Amino acid sequence: MSVTAPADSRKYDLNFARWVYQNVDGGDRMSLCMQCGMCSGSCPIGTAMDHGPRKLFMMIRAGMKEAVLTSNTVWNCTQCYNCVVRCPRQIPVTSILKGLATAAVKEGYAPQQPTAKFSKAFWFSIKRFGRTDERLVTTYYYFSLGFMQGIRKGLENLPIALRMVKAKRMHLGAPYRAKGAADLRAILAKADAIEARERGEG
């Protein structure tokens, strides 16, 4: 008697876990995960994720490629490294989430986002202070989408910002300026000049 496969069986890729182990930075250590939940419990914005890191790792093992690569978990990670510091198996959770975000883009699962505007906001902070400041980057980015959109997005993410402040992952004072910020700006300017020359613009 033939057995008909479930209609949603195509959503599962049983080779996905092996691919993550072999191709995602730190993925080889994911096999050490014992599902203790320390990573998800340590995340200051875990409630803003559709799946915490613990559950996401379980989904990878189950071959739920589509669900993993469309999850907002890989995008909401603020790279605070609480999960990495507290993991009893020393699994580089943050690196794995970044690798999955890269894979989501390459595989065409990443949500459509105005990345050029975010990139401009990111580099504005880098060039001005020599480092990223979450408040500066997000404010610049949100208001680049329009004045009312900036206010709306700011209010939507206010609870996340307050949780980050409470967890001491974001301060309330002026943006920190990295030592040698002027030297960094000179390096970036030189890189821009080299790229322009290679494109035949110089």
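In the predicted model, the side chains of Asp 133 and Arg 135 meet in a salt bridge, with a separation of 2.9 Å from N to O. The two partners differ in their exposure class: Asp 133 is buried, at a relative accessible area of 7%, whereas Arg 135 is partly exposed, at 21%. The value for Asp 133 falls under the 20% cut-off for burial, so this residue is assigned to the buried class. Side chains of opposite charge can pair when their charged atoms come close. In the whole structure, a search finds three salt bridges, and the pair formed by Asp 133 and Arg 135 is one of them.

A salt bridge is also formed between Glu 156 and Arg 152, where the closest N and O atoms are 2.4 Å apart. Both residues belong to helix α10, which spans residues 147–156. Their positions are four residues apart, about one turn of the helix. Glu 156 is partly exposed, with a relative accessible area of 44%, and Arg 152 likewise counts as partly exposed, at 39%.

A salt bridge between Glu 107 and Lys 65 has its closest N and O atoms 3.3 Å apart. Glu 107 is located in the loop between α7 (93–106) and α8 (115–129), while Lys 65 is in helix α4, so the pair ties together parts that are 42 residues apart in sequence. The interaction is also registered as a polar contact between the side chains of Lys 65 and Glu 107, at 3.3 Å. Glu 107 counts as partly exposed, at 40% relative accessibility. Lys 65, by contrast, is buried, because its relative accessible area of 19% lies under the cut-off of 20%.

The surroundings of Lys 65 were examined further. This residue lies in helix α4, which covers residues 65–69. When residues up to four places away in sequence are not counted, Lys 65 touches Lys 11, Asp 13, Phe 16, Glu 107 and Tyr 109. The salt-bridge partner Glu 107 is thus listed among the residues that Lys 65 touches.

Asn 23 was considered separately. Its place is in helix α1, comprising residues 16–23. With a relative accessible area of 47%, Asn 23 is partly exposed; this value is not over 50%, so the residue is not classed as exposed. Asn 23 and Leu 56 are 33 residues apart along the chain, and their C-alpha atoms are separated by 17 Å.

How values were computed. Residues are numbered from 1 along each chain as its sequence is written. This is a predicted model: local features need pLDDT of at least 70, side-chain atom pairs count only at pLDDT 80 or more; totals for chains, interfaces and linings use all residues. Side-chain values use heavy atoms; hydrogens and water are left out. Helices (H or I, at least four residues) and strands (E, at least two) are DSSP runs, numbered from the N terminus. Buried means under 20% relative accessible area, exposed over 50%, partly exposed in between (1.4 Å probe, protein chains only). A polar contact is a pair of N or O atoms within 3.5 Å; within protein, one must be able to donate a hydrogen and the other to accept it, and residues adjacent in sequence count only if both atoms are side-chain atoms. Contact means heavy atoms within 4.5 Å. A salt bridge is a side-chain nitrogen of Lys or Arg within 4 Å of a carboxyl oxygen of Asp or Glu.
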